[in-house]
Structures are given as structure tokens and as C-alpha cells.
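The exercises below each set a task on the structure shown next, and each is followed by a solution that proceeds step by step.

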Amino acid sequence: MSFINQLNSVQQNAAKQVEGPVMIVAGAGSGKTRVLTYRVAYLLSIGVPPYQLLVLTFTNKAADEMKKRIVSLVGDKSASAWIGTFHSMFARLLRYESEHIGYGKNFSIYDTDDSLGLIKNIQHDLEISAQSFKPNAIRARISSAKNKLVSPDQFEIIAKDIFEEKTALIFKEYQKRLKQNNAMDFDDLLLKPIELFERHPKILSKYQDRFRFILVDEYQDTNRAQYKLIKMIAGKYKNICIVGDDAQSIYGFRGADIRNILDFEKDFPEAKIFHLEQNYRSTQTILTAADQVIKNNVNRIEKTLWTDNPKGEPISVLSCQSDTDESEKVAANIKKAILKYKIDFLNIAILYRTNAQSRSIEDALRRSGIPYLIIGGIEFYKRKEIKDVIAYLRLIVNPKDDISFQRIVNYPVRGIGDVTVNHLKAVAEECKCSFFEAVDFVTEAKGISKNAIEKLKQFRKLIQKFIDLKTILSASELSRSLVDDIGILKEFKEEGTVESLSRMENVHELLSAITEFSEKNENGGLEAFLQEVSLVADVDQLDDKHNAVTLMTVHSAKGLEYDVVFIMGLEEGLFPIFQAIQSTNEVEEERRLFYVGMTRCMRKLYLSYAYSRYRMGELTYPNPSRFMKEIKDDLYIYENGALRKESGFNKELDFFDRPIKSQVPFKKLKNYSEKKVVVQHFRNYESQSQVAEELHVGSVVRHSTFGKGRILQLNGNGDETRAVIDFENAGRKQLMLKYAALEVL
DNA sequence: ATTAGGCGATTTTTT
DNA sequence: ATCGCCTAAT
């Protein structure tokens, strides 16, 4: 057990306290994953059989990392432990048990897109206008209800406005249809096990006995459903260890619930609590800066994170003219950093707030010849051509899956249009069966043309053929022969555009992925593969083989560390994101997110922002992020003098010299009149209009149509200036100042 | 009945 | 820039 000596004493105690409930409050870089892995190793070393372990993480990356580290510590004997994300582990469990709650073992897993499609169908059928009631909003609302363990019936009771009433109707139907389709959405993967355990205490008891030791990583990000699940499974032996850090809670939008931390102590009053406060990862400079930032959150648990590490390099700030300029500067600084710090590409990460930002940095990296690897983004499995092939495979595995059926019934085009599908739908409803089965009952009497019936039958025959083949062909053979049969590759080839060629490659890649999967996994059937793709967002990511810079969102970076980290796009409206700016809570979540980003860095941190950026197809002129200003100026330096050298800028215009409160959350604007702040239109002084001079963020104005409102944001300059205004009665609008004729009140 | 092309609305983060 | 929806053409 020599490995245990590689931990400090608190870490050791935390790792060895294997009986009873344990909470480990672990600051960033304090060796949290290390403690968890050693804990697993320790459990195995004292004779606990690996199959008694359930280790739950939040992301696939975290799970992979954990597995890797455990294997390197104890070897393959950990293989039968269940280590993975909540979603994948409970999907696995449901594959064994779903029949007890009325689902087939071959259930489909619907991703967000599939759910949305289902909701659109339902809205259509229930005649609920998709114009007035946005399917996306309804999907989000349903998901958030499910995260909070609110059932459709409860939701109906508490619905407080027309939107929620409609949502309640759709919610009910949605759950019904999921079941009809033998499908579960992401939330169901957590809710259905709860239902299973509640209805079948014996099954719960079986898993309680099996999983004697439960470990939960990133506990601050669990939602109520996850909390309830682990509470149930741990209910008998109570050997549960949770690890978390409130300062790194960044999934509030997905239902993560801070109460879970408080309730843990209530539900397990005998819990032992360990605090890990020594940071082993970052330099003092980085840690101090991160602390200065997070201190601005009112809502937080006071913590003193400290380190023995050296002071290290100052943080470099890249002040840039445009997004292109920013990307180029990042690329240039990567080259410099590699020489200066004697590191490799793979020791560098580039983080951003939104996936959309990756494109511009990708271009710059390509031009500079810097190898890179993107995590997430336009995920492989979300690409249309891939989803199409997957839909075929899903339908073959689960013919009840009407969403997949609809997706491919006319792809490639085979003359089955909306009208025919609607007829089929009516038939399916009548005989209470799936679309697939309904094909058999379609007759001309139902008003469908002979031609259409023939085409439907052909389609059914095609799928049936593969359902039959499935018993004799391997997953790999079956999917290859399928792709051949439906002829999509030929179609792409004929199109011949760059785009379609890349689609073709993607399909080939999918086929290789299936082959590889079957080879690697003993029971690597089609079902298992489909489950894997539904839940694994980033395919083959993060293998250390490639020497490449890693690009990803700050969310994806959680739990990872790099020598050199670039955080890009530190601008108001981007980071913190526009949608969060009006709510203190959401700004605090953005700030925690920034904190997570900063603390990924071991040695040298770069922060960048641009004064102009293309967003949603148009040019915007953002201001630097408030988070930048929260770092004291003795911790950073400007990496490049470009700001001063290049035309159109001079030192006075640098944001650090500008009045600092140009953007304040709406709620804090109450006494704004005393603190008027001039909005900076620092690009074209000449064209700056008179109106813009008088208007400020926070000004109260009157508009001839919309009435009274307050300015939340000013974008652009001169004639192009647009104001985001929150009107008392008309809600939030974006107006061009030159047209709006606003009256200052 | 289907498809192609044009128009308007819309994008945070993940399983 | 991209997606979905609507309308007009095939």
C-alpha cells in the first residue's frame, strides 16, 4: 500500500475513511481526483471486490481520466468496477432492468434534438402553436421539471401561466410517447431508475447489496434526481463518498442544485467531512488572481486555498482589435510559449465560452501550422449524415422508435412526403402501434395513393431485411451493408462538393468506429454501440498520442489541467454571456466558470479580449469583461503593444483606464443617475452621433411606441449604434439609435 | 405530392 | 452562419 504515502495527511485520511458517509470539500487543484483514485485503490487493496464499486462522474472525460489513473495504480483488476457518468452507468443498469418498468431492453436514447422533434410532433398533434409556444422553450422547461423531480401531474397542478399549462399538456403526452417509442431522454436515464427502485424495492435492495461503496465526483454539479438516486443506493450501507467544490459549480442551467451539499449533511448526519485546501497545481500568481475574481461572488462558502508553489509568471493580457486579431495573437503566443517554457503543444489549452468561437482560432492555428484538437463543438455524432445512419440503426434495433422512423422514412428521398407520413401517423394512432407496424395496416381506403403505399411497404421491407440480418451479421457487417444498400455514399460522391466529400468521410469514420467498438468490446453489439454514441459526446478525444493544442469550452475543461492556458473572448456579453448579465445568480455562475478556467492552469495564463467580434453573422463591439477588472493590476502584464501601436487606438482608450462600470446588471442600477458613465465609442469619434453622447447604459428613456424603458447595453458606434432596452411594458428590444428617436428622461 | 429556393428567426454551457 | 418554415415551381 505504498501508494498511499504519495498523499498528504488530510488526503490520506480522506482516502482511508472508507466506511460511512464522507464529504470531501476539495478546492481547485487540491488533488481531488487523486484522492478518489487512491481511495479506489485502497478499497481494492483491503480486499473489496471491484464489482462492489460504483464511481460516478459528471462528464465522460472525467470518467476516462479516472479509469486511466486507477488502472495505472492497480492494473486491470478494477475492470469490473462501474466507473462512468451518471447517465451511462444508469443506462447500463436500465439495460438489465427496464422490463420491470415497461420498457424493452432495446430502448432508444433520445438526445436533445430527438426530444425536440418529438415535442414538435406533439405540438402539431395537440394543435399548440409552435409560434406562440417555442418548442425549444418547452423542451427546456420539461427538462428542468424532470431535473427537479417534478412529474407531469405535479407540473400540471403548479402551472402558473398559460405557457406552463400548455407545457403541462405537452409534458404528459411527451412521456407517454417516449414510452410508446420505447425511448428515454437524458433525464429519463436518471428518473427511470428512481421509478424502478420505488416500484421494486427488491431490485433496489439488489443494487444496494451490490454497490457497497459509492463515490461521487463533482458533487456540486448533481441535480435532485442524481442526489435521490445515490441516496437510495447508498441507503443501506451508507458507504458513500462525495467530492465537490461549491466554487466550481457551473451546471446550474442543467439543474445542479446547491441544496444537495446542504442536504447531504442533513441526510447523513454522521458524515465525516474533510477539507482539501492546499493547491498543488497552480502558481501563486494564478491562484491569487483566481481568488480575487471569485471573491466577488456574494454567494459562496469562504475558503482559503493556499499553495507552496512559486509565484511564477505574471498573467499575460492580450488586448486585441478583432476576433481575427485575437486568434492570431494567441497563435503567435503559443509559438513563443513553447520556446520559452520548453513545453509541447499538448501542454497547452485554449478555452472559450461558446463553441462558436472555435472557428476563428482554428483558422489561425492552421495558418500558423500549429496542430490542434477540438473537444466538443459540432460533435461528430450530431452531424446530419451521422444522425441519419444512426437513425437507421436505431430503427433496426428498436422498430418502435417513431422519431427515427420519421427521420429516415424519406431519406434518401424515396417519394414519401409529409402527406403520406401523416396518413401513416393516423393509422398508427388508430391501431395503437408504431409507425413501422402501421405500414401493414395502410390501405387505399385511408386515402393514401397506391403508389405511396407501395413505397412505404418497400421501406418496411428494407428495414425488416436488416432486422433479420441482425441475427446473423456482426454490428460492423450489418452497418456496412446497410450504408451500401441505402446508397448515401454514392449520393455524396455524385454531389462532389467539398462538403459532401467530408460527409462521405464522416460516414466512413462512423463505420470504422462501429468496427473498432465491436472489436474492443466483447459484447459490442449494435445496441451497446448505440448506447455509447448517445452518451459519448466527444468521440476519440484527448488521447495523448497526438501532440496538439487542445481547444474546448471552459465547461469541458473542468477537471483538466495544462501548463499553459489561454482563455479567449473575455468580453461583456460573451463571458459573462449576454443572457446571464441581468441576473446576479447567473453572473455568479459565469464567474465560477471563469474561476474554473483560470484554475486549470499550472504555470502561465493568458487572457484575451477583442474590441470587435463577429457574432450571429454581424459585427459587434463588445467591452472587455468585468472579470478582467477584478484581477489586481500587479498580477498581469500586456503581452503585446499592439493596442498602442496600431492606428485607431491610443493609450487613453485602453479599457483599464476607462470608467469601470460601463455594464452593470440591471437590478443594480437603481440609483444610477448619480453615477453616469460615458459609453465608449472609441473607434470613430467623428461619426459619433449626438444622441449617443447623451445615452448611457442605465439611462431611462422613452420611445414613441414602446414607452418607458432602461438601456441595458449599447453596441456599435456612430450611425450603427444599437441599444438594448428593457421596456416596462414592451419587454426587451434592440433598437438602432438613428431610427429610434429616444427621449432621455 | 415533392422539392428547391428564399426568408426570417435564432445560438450558452452538457449528458 | 445556420436552421427551419413557407411559398412557388416541378
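## Exercise 1: a glutamine in a helix

Q123 is buried, at a relative accessible area of 1%, where buried means under 20% relative accessible area, exposed over 50% and partly exposed in between, computed with a 1.4 Å probe on protein chains only. Before going further, note that this is a predicted model, in which local features need pLDDT of at least 70 and side-chain atom pairs count only at pLDDT 80 or more, whereas totals for chains, interfaces and linings use all residues. Residues are numbered from 1 along each chain as its sequence is written, chains are lettered from A and ligands numbered from 1 in the order in which they are written, and side-chain values use heavy atoms, with hydrogens and water left out.

Task: determine in which helix Q123 lies, and what its side chain reaches.

Solution. Begin with the secondary structure, in which helices (H or I, at least four residues) and strands (E, at least two) are DSSP runs numbered from the N terminus; Q123 belongs to helix α5, residues 112-125. Next, look for polar contacts, which are pairs of N or O atoms within 3.5 Å; within protein, one atom must be able to donate a hydrogen and the other to accept it, and residues adjacent in sequence count only if both atoms are side-chain atoms. The side chain of Q123 reaches the backbone oxygen of F133 at 2.9 Å. Finally, list the contacts (heavy atoms within 4.5 Å): residues up to four places away in sequence aside, Q123 touches I128, S129, A130, F133, K134, P135, I138 and I170.

## Exercise 2: a lysine and a nearby loop

Task: establish whether K146 is buried or exposed, and which residues it contacts.

Solution. K146 has its place in helix α6, residues 135-147, and its relative accessibility of 2% means that it counts as buried. Its contacts, leaving aside neighbours within four places in sequence, include the acidic-side-chain residues D185, D187 and D188, together with F171, Y174, Q175, L178 and L191. In the loop between α6 and α7 (152-158) lies L149, a residue other than glycine whose phi is nonetheless positive, near 65°; L149 counts as partly exposed, at 29% relative accessibility.

## Exercise 3: the surroundings of strand β7

Task: find which strands pair with β7, and describe how its residues are covered.

Solution. First, consider burial: in strand β7 (residues 240-244), five of five residues are buried, with I240, I242 and G244 pointing one way and C241 and V243 the other way. Second, consider pairing, which requires that DSSP finds at least two bridges between two strands. Strand β1 (residues 22-26) runs parallel to β7 and is joined to it by four bridges, with M23 opposite I242; strand β6 (residues 213-216) also pairs with β7 in the parallel sense, over three bridges, and here L215 stands opposite C241. Third, follow the chain: β6, helix α11 (residues 224-233) and β7 make a right-handed β-α-β unit, right-handed meaning that, with the strands pointing away from the viewer, the path from the first strand over the helix to the second runs clockwise. In the loop between α11 and β7 lies K238, which has a positive phi of about 60° although it is not a glycine.

## Exercise 4: the surface near DNA strand B

Task: identify which residues come nearest to DNA strand B, and which element gives the most to the surface near it.

Solution. A residue is near the strand if one of its heavy atoms lies within 4 Å of it; of the 32 residues around DNA strand B, R254, R353, V413, G417 and M616 come nearest. Sugar and phosphate account for 60% of the atoms of DNA strand B that come within 4 Å of the protein. Turning to individual atom pairs, a backbone N or O atom of N355 lies 2.9 Å from a phosphate oxygen, a polar side-chain atom of S556 lies 3.1 Å from a phosphate oxygen, and an N or O atom in the side chain of T112 is 3.3 Å from a base oxygen. The elements that give two or more residues to this surface are α18 (418-430) and α25 (554-557), and α18 gives the most, with three residues.
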